[in-house]
Amino acid sequence: LTVLASHAVAWSAAARHAPLARPPTRLAMQEDALASLFEDKPPASWSSPEWQWGSAAGAAHEVAARVREDLNKPHRRSAFLTYAKADEPAVDLVDLKMALALACQRARNYG
């Protein structure tokens, strides 16, 4: 019993003096997020080689298909334009540019 008591006292003393693991600070989390921001490859955009305007294999084709699907109903197009005209637009700029490009393409093809 004396041995157990002495081990318990020694353990509790060691536990009191051991440094506690602290959760990361907000600044450390922001620095980690900023570092990962620069490590991640940005998505393909209009000027990137992956975009491949006019090709069925490029990122432009995927974005165009998604925008066509999202805006295939009149009420969706109306809501999209309403949100785009707001003081602080609530639509993605890439989607807005793609919608304009698709409208121009349709006007060229169908007159």
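## A walk from helix α5 to the tryptophan pair

At a relative accessibility of 12%, aspartate 95 counts as buried in this predicted model, because buried means under 20%. Aspartate 95 belongs to helix α5, which covers residues 93–110. Leaving aside residues up to four places away in sequence, aspartate 95 touches Val63, Arg66, Val67 and Phe80.

One of these partners, valine 67, leads into another helix, since its place is in α3, made of residues 59–70. Valine 67 is buried as well, with a relative accessible area of 3%. When residues up to four places away in sequence are not counted, the residues that valine 67 touches are Asp95, Met98, Ala99 and Leu102. With methionine 98, the separation can be given in two ways: the two residues are 31 apart in sequence, while their C-alpha atoms are 7.2 Å apart in space.

These contacts belong to the packing of two helices, and the next step is to look at that packing as a whole. The axes of α3 and α5 lie 10 Å apart, and the helices pack at an angle of about 85°. Because angles of 65 to 115 degrees count as roughly perpendicular, α3 and α5 are described as roughly perpendicular to each other. On the α3 side the meeting residues are Ala60, Val63, Ala64, Arg66, Val67 and Arg68, and on the α5 side they are Val94, Asp95, Met98, Ala99, Leu102 and Gln105. Sorted by kind, the residues of this contact of α3 with α5 comprise eight that are nonpolar, one that is polar and three that are charged.

From the helices the path turns to the loop between α2 (26–39) and α3, where glutamine 52 has its place. Most residues other than glycine have a negative phi. Glutamine 52, by contrast, has a phi near 50°, a positive value in a residue other than glycine. With a relative accessible area of 38%, glutamine 52 is partly exposed.

A last stop concerns aromatic rings, for which a search of the whole structure finds one aromatic pair. The pair is formed by tryptophan 51 and tryptophan 53, whose ring centres are 6.4 Å apart and whose planes stand at 85° to each other, an arrangement that is edge-to-face. How buried or exposed is each of the two partners? Tryptophan 51 counts as buried, because its relative accessibility is 1%, whereas tryptophan 53 is partly exposed, with a relative accessible area of 45%.

Notes:
Residues numbered from 1 in each chain as written. Predicted model: local features only at pLDDT ≥ 70, side-chain atom pairs only at ≥ 80, totals over all residues. Heavy atoms only, no water. Phe/Tyr/Trp six-rings, centres within 6.5 Å; stacked < 30°, edge-to-face > 60°. Buried < 20%, exposed > 50% of the residue type's maximum accessible area, 1.4 Å probe, protein only. Helix = DSSP H or I, 4+ residues; strand = E, 2+ residues; numbered from the N terminus. Contact = heavy atoms within 4.5 Å. Axes fitted to C-alpha atoms, helices over the stretch in contact; angles between N-to-C directions. Parallel < 35°, antiparallel > 145°, perpendicular 65-115°, else oblique. Nonpolar A, V, L, I, M, F, W, Y, C, P; charged D, E, K, R; others polar.
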